[in-house]
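Welcome, and take a moment to look around before reading on. The paragraphs below will walk you through a few places worth finding in the model.

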Amino acid sequence: MVEPLGRSSREERELWMKEASYNLFNLSSDKVFVDLLTDSGTGAMSDRQWSALMMGDESYAGAASYFKMKQAISEILGFDYFLPTHQGRAAENVLFSVLIKEGDMIPGNAHFDTTKGHIEFRKAMAVDCTIDEALEPARYHPFKGNIDPGKLEDFLRLNPVERIPFIIITLTCNTSGGQPVSMQNIREVKSIADKYGIPLIFDAARFAENAYFIREREDGYADRPIRQIVREMFSYADAMTMSSKKDAIVNMGGFIAMRSHELFRHASVFNIMFEGYITYGGMSGRDMNALAQGLYEGTEYDYLDTRIRQVAYLGERLKHFGIQCQEPFGGHAIFVDARHFLPHVPREEYVAQTLAVELYIEGGVRGVEIGTLLADRDPVTRQNRYPALEFLRLAIPRRVYTNNHMEYTAIALANVFERREQISKGFRIVREAPIMRHFTVELERA
Ligand code: F0G
């Protein structure tokens with residue numbers, strides 16, 4: 001599938017940005033030249049996925065498409081039970097409705113914002129146990145998504161086990177830069193979880209990209225097929241949530257998978273209430289077919305190698321211009337260190353958002369802020385939560401752009417970098433939502 005891209009002038013983009021209250025989510029896509037807002041649901045489906053779509057069985061219960069999806073999940077991920085949901089956060093909503101109660105604490109590696117949102121919405125707390133190396137963009141560590149086993153054990157030792165319904169590992173860790181988690185770390189976390197009798201759950205949106213990095217960077221995995229690595233990763237998990245919009249390369253869809261029949265039965269009640277009957281849960285038959293096919297394609301080595309090298313290509317070009325990014329480069333996106341880029345913009349004026357707006361005005365490239373706006377306010381004090389790092393994320397859709405688009409993006413950002421000394425003011429919030437404010441926030445120039 002090819003789509004037209006619309007060019008625009010700088011004057012037009014300045015006006016459009018103002019009309020959009022300096023929130024890039026408010027821009028209509030025809031005003032964007034290269035759209036790196038997200039890699040979620042923005043991939044191009046393959047010929048095989050489109051043909052699978054035509055074979056969708058739309059029966060309400062027990063559709064053939066459901067069984068196709070079940071088979072793919074069982075073969076690739078090794079889970080016997082699963083529930084389809086319309087996307088990843090819906091999977092979180094259903095599973096957490098069963099597992100989380102008020103006052104609970106859920107340790108993990110830098111929970112994604114919807115995961116954290118669904119935890120905090122239930123008056124529970126997400127506890128970040130990521131390794132400290134993740135906070136130093138220039139420092140090399142092959143697995144910056146890793147959980148620090150010391151931090152995790154300290155936390156478990158000091159808190160009542162009955163308040164900790166599960167430990168969650170996000171693969172790859174989106175928040176720290178699409179950074180992978182090593183097999184050794186997964187194994188270590190699993191053994192700690194077993195020691196305390198706590199289930200281990202994966203937020204598996206980018207599990208295949210994680211497996212690719214294990215193959216590339218971890219001793220003993222260089223010659224292993226991706227699917228074998230994936231099977232080993234999931235062998236340590238009791239359950240998983242999935243946003244299929246990422247590594248299953250579909251435009252919409254998700255699921256929960258689990259080993260326990262009892263958990264499946266409990267979650268089924270919420271699935272029926274929030275999503276749909278247990279054999280379609282928010283997805284049409286044709287979409288389940290495309291998803292099943294996407295799971296096979298998303299775990300092919302050649303595809304992953306091409307994709308992840310394209311992301312690294314953008315990273316290398318930015319590095320060439322002196323722009324600091326989270327390194328090593330992650331699986332789905334390049335995370336630009338915004339405070340390094342714009343040292344004169346005060347943190348209170350949303351540095352990464354300022355950079356995102358500048359890049360759009362410069363070249364019509366849409367990225368996204370992964371910084372203070374995304375971090376929301378502290379649920380108790382209502383003060384801004386300032387994360388350790390302010391990133392501009394440039395997420396690369398799967399099978400969509402050429403390296404020419406990457407080159408264009410790198411040069412647009414390099415142009416901003418050249419005039420960075422003149423950028424000293426950011427933004428003020430005019431209006432914001434009480435939770436997940438970054439999607440709808442309205443801003444004005446400070
Ligand atoms: N978990 C992770 C790690 C994610 O990155 C996302 C979504 C979700 C869960 C939620 O899935 O969107 O299908 O409801 N990430 C997108 C992003 C939105 O741009 O990174 P969803």
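Is tyrosine 22 buried or exposed? Keep in mind as you look that this is a predicted model. Tyrosine 22 has a relative accessible area of 7%, and because buried means under 20%, this residue counts as buried. To find tyrosine 22, go to the loop between α1 (10-19) and β1 (34-35). Its backbone deserves a glance too: phi of tyrosine 22 is near 55°, a positive value in a residue that is not glycine. Methionine 436 is another non-glycine residue with a positive phi, here about 50°. You will meet methionine 436 in the loop that runs between β13 (427-431) and β14 (442-445).

While we are on the backbone, let us visit two cis peptide bonds. One of them joins leucine 171 and threonine 172, with omega at about -25°. Threonine 172 belongs to the loop between β5 (167-170) and α7. Another cis bond leads from glutamate 327 to proline 328, and its omega is near -5°. For proline 328, look in the loop between α12 (301-320) and β9 (333-337).

Now follow the chain into helix α7 (residues 183-196), where lysine 190 has its place. Lysine 190 has a relative accessible area of 14%, so it falls under the 20% limit and is buried. Which residues does lysine 190 touch, leaving aside those up to four places away in sequence? They are Leu200, Tyr236 and Asp238.

Next comes the ligand. In all, 16 residues surround the ligand, and the closest are Thr38, Arg89, Asp203, Ser243 and Lys246. Among the elements of the fold, α4 gives the most to this shell, with three residues. Several side chains place polar atoms beside ligand oxygens. For arginine 89, a polar side-chain atom lies 2.6 Å from an oxygen atom of the ligand. For arginine 393, an N or O atom of the side chain is 2.7 Å from a ligand oxygen, and for glutamine 87 the corresponding distance is 2.8 Å. How much of the ligand does the protein cover? Taken alone, the ligand exposes 470 Å², and the protein buries 94% of that area.

Our last stop is helix α10, which covers residues 261-274 and has 14 residues. From its first C-alpha to its last, α10 reaches 20 Å, close to the 20 Å expected at 1.5 Å a residue. Even so, α10 bends by about 25° at alanine 267. At the N-terminal end, serine 260 acts as a cap: one of its side-chain oxygens lies 3.2 Å from the backbone nitrogen of glutamate 262. Just after the helix, glycine 276 takes a positive phi of about 155°.

Which residues of α10 are buried? They are Leu263, Phe264, Ala267, Ser268 and Asn271. An α-helix has 3.6 residues a turn, so residues three or four places apart point the same way. With that in mind, try tracing the buried residues along α10, among them Leu263, Ala267 and Asn271. The buried residues of this helix pack against β2 (81-85), α4 (88-99), β7 (239-243) and β8 (254-258). You have already met α4, which gives three residues to the shell around the ligand.

Methods
Residues numbered from 1 in each chain as written. Predicted model: local features only at pLDDT ≥ 70, side-chain atom pairs only at ≥ 80, totals over all residues. Heavy atoms only, no water. Helix = DSSP H or I, 4+ residues; strand = E, 2+ residues; numbered from the N terminus. Expected span 1.5 Å × (residues − 1). Bend = angle between axes of the 7 residues up to and from the residue. Buried < 20%, exposed > 50% of the residue type's maximum accessible area, 1.4 Å probe, protein only. Contact = heavy atoms within 4.5 Å. Polar contact = N/O pair within 3.5 Å; in protein donor to acceptor, adjacent residues only side chain to side chain. Near = heavy atom within 4 Å. Areas by Shrake-Rupley, 256 points an atom, 1.4 Å probe, with all protein chains shown as cover.
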